[in-house]
Amino acid sequence: MAKIDLNCDMGESFGAYTIGQDAAAAAYITSANVACGFHAGDPAVMADTVALLKSHGAAVGAHPGFPDLLGFGRRNLSASPKEVKQYVQYQIGALAAFCRAQGLRLQHVKPHGALYNMADRDEALALAVCDAIAELDPGLILLCPACGKMHAAAEAHGLRTACEVFADRAYLEDGALVPRTQPGAMITDEDEAIERVIGMVQNGRVRAVTGKEIAVKADSVCVHGDGEKALAFVRKIRAVLENAGITLAPLSEIV
């Protein structure tokens, strides 16, 4: 029977600001990417989010980003590979400590926002991300696209990788995501999102913004936790996948 992971970005509140619908969405996912304090999150939110995920049996992953609270980690920053490696190690270490305090083991790492996109296009940054993971815990899974530099760098390091597709994002013909600054980057129609997910999971295909069908590999489906319809998407996507006979499971049971 086919298996798929359903992941969501979480823990992106900080201080007096609440972002996302973590408490409700946690019941429907199998893995979560938890902000580590750079693009969002803070120590209290990190601890509470780990506890929430533990209570629902969802696996915990680190979601390291650029140190950019004002831009929510979605602005391209000029950072050297050495700096990127240090940023990633710092954030993984912080979240791993909260996991350890609650008797959990960190499952995976998924870079956030601009760091995710930049590292997937830049070999030096991709290698820096993988160096950071391999030095800390080579048992961690890297969650990334199948087509880019991070996947290749992870294979070179001997790291396990899980290939991710997005329920609520549009694709370019080369398999990259349409930049958020461009029209049509976000999929807001629930039925369209669900149809695309089923096509990616069952057929390994998705329609790019140009109309061309492109190949994708899906070990995990991501729904953005800060999206306007995040909760509705994750509920419906889980139900449709289960009705199609697809088992929902964390990444550690898939790759």
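These are my notebook entries on one strand, one helix and one histidine of a predicted model.

**Entry 1: strand 3**

I began with strand 3, residues 59–63, and asked how many of its residues are buried. The count came back as five of five, so I noted the strand as mostly covered, with buried meaning under 20% relative accessible area. Next I looked up which way the residues point. Ala59, Gly61 and His63 go one way, while Val60 and Ala62 go the other. That fits what I know of regular strands, where side chains alternate between the two faces of the sheet.

**Entry 2: its partners**

Which strands pair with strand 3? Strand 2 (residues 31–35) runs parallel to strand 3 and is joined to it by five bridges. I picked out one pair there: Ser31 has Ala59 as its bridge partner. Strand 4 (residues 108–109) also pairs with strand 3 in the parallel sense, over two bridges. Here I found Gly61 bridged to His108. To get from strand 3 to strand 4, I followed the chain through helix 3 (residues 81–101), and this β-α-β crossover is right-handed. I then checked strand 2, helix 2 (residues 43–56) and strand 3, which make a right-handed β-α-β unit.

**Entry 3: helix 2**

I tested the length of helix 2 next. With 14 residues at 1.5 Å each it should span 20 Å, and its end C-alpha atoms are 20 Å apart, so the two agree. I listed its buried residues: Val45, Met46, Thr49, Val50, Leu52 and Leu53. They cover an arc of only 160 degrees around the axis, so they sit on the same side of helix 2. On the face turned away from that buried side I found the exposed residues Pro43, Asp48 and Ser55. What covers the buried residues? I noted strand 1, helix 1, strand 2, strand 3 and helix 3 among the elements that do.

I looked at both ends too. Asp42 caps the N-terminal end, with a side-chain oxygen 3.1 Å from the backbone nitrogen of Ala44. Just after the helix, Gly57 takes a positive phi of about 70 degrees.

**Entry 4: His112**

My last stop was His112, in the loop between strand 4 and helix 4 (113–121). Is His112 buried or exposed? At 3% relative accessibility, His112 counts as buried. I found a polar contact of 3.2 Å between its side chain and that of His63, a residue I had already met in strand 3. The side chain of His112 also reaches the backbone oxygen of Phe72 at 2.8 Å. Farther along the sequence than four places, His112 has contacts that include Glu12, His39, Pro64 and Arg74.

How values were computed:
Residues are numbered from 1 along each chain as its sequence is written. This is a predicted model: local features need pLDDT of at least 70, side-chain atom pairs count only at pLDDT 80 or more; totals for chains, interfaces and linings use all residues. Side-chain values use heavy atoms; hydrogens and water are left out. Buried means under 20% relative accessible area, exposed over 50%, partly exposed in between (1.4 Å probe, protein chains only). Helices (H or I, at least four residues) and strands (E, at least two) are DSSP runs, numbered from the N terminus. Two strands pair if DSSP finds at least two bridges between them. A crossover is right-handed if, with the strands pointing away from the viewer, the path from the first strand over the helix to the second runs clockwise. The expected span of a helix is 1.5 Å times one less than its number of residues. The arc is that of the directions from the helix axis to the C-beta atoms. Contact means heavy atoms within 4.5 Å. A polar contact is a pair of N or O atoms within 3.5 Å; within protein, one must be able to donate a hydrogen and the other to accept it, and residues adjacent in sequence count only if both atoms are side-chain atoms.
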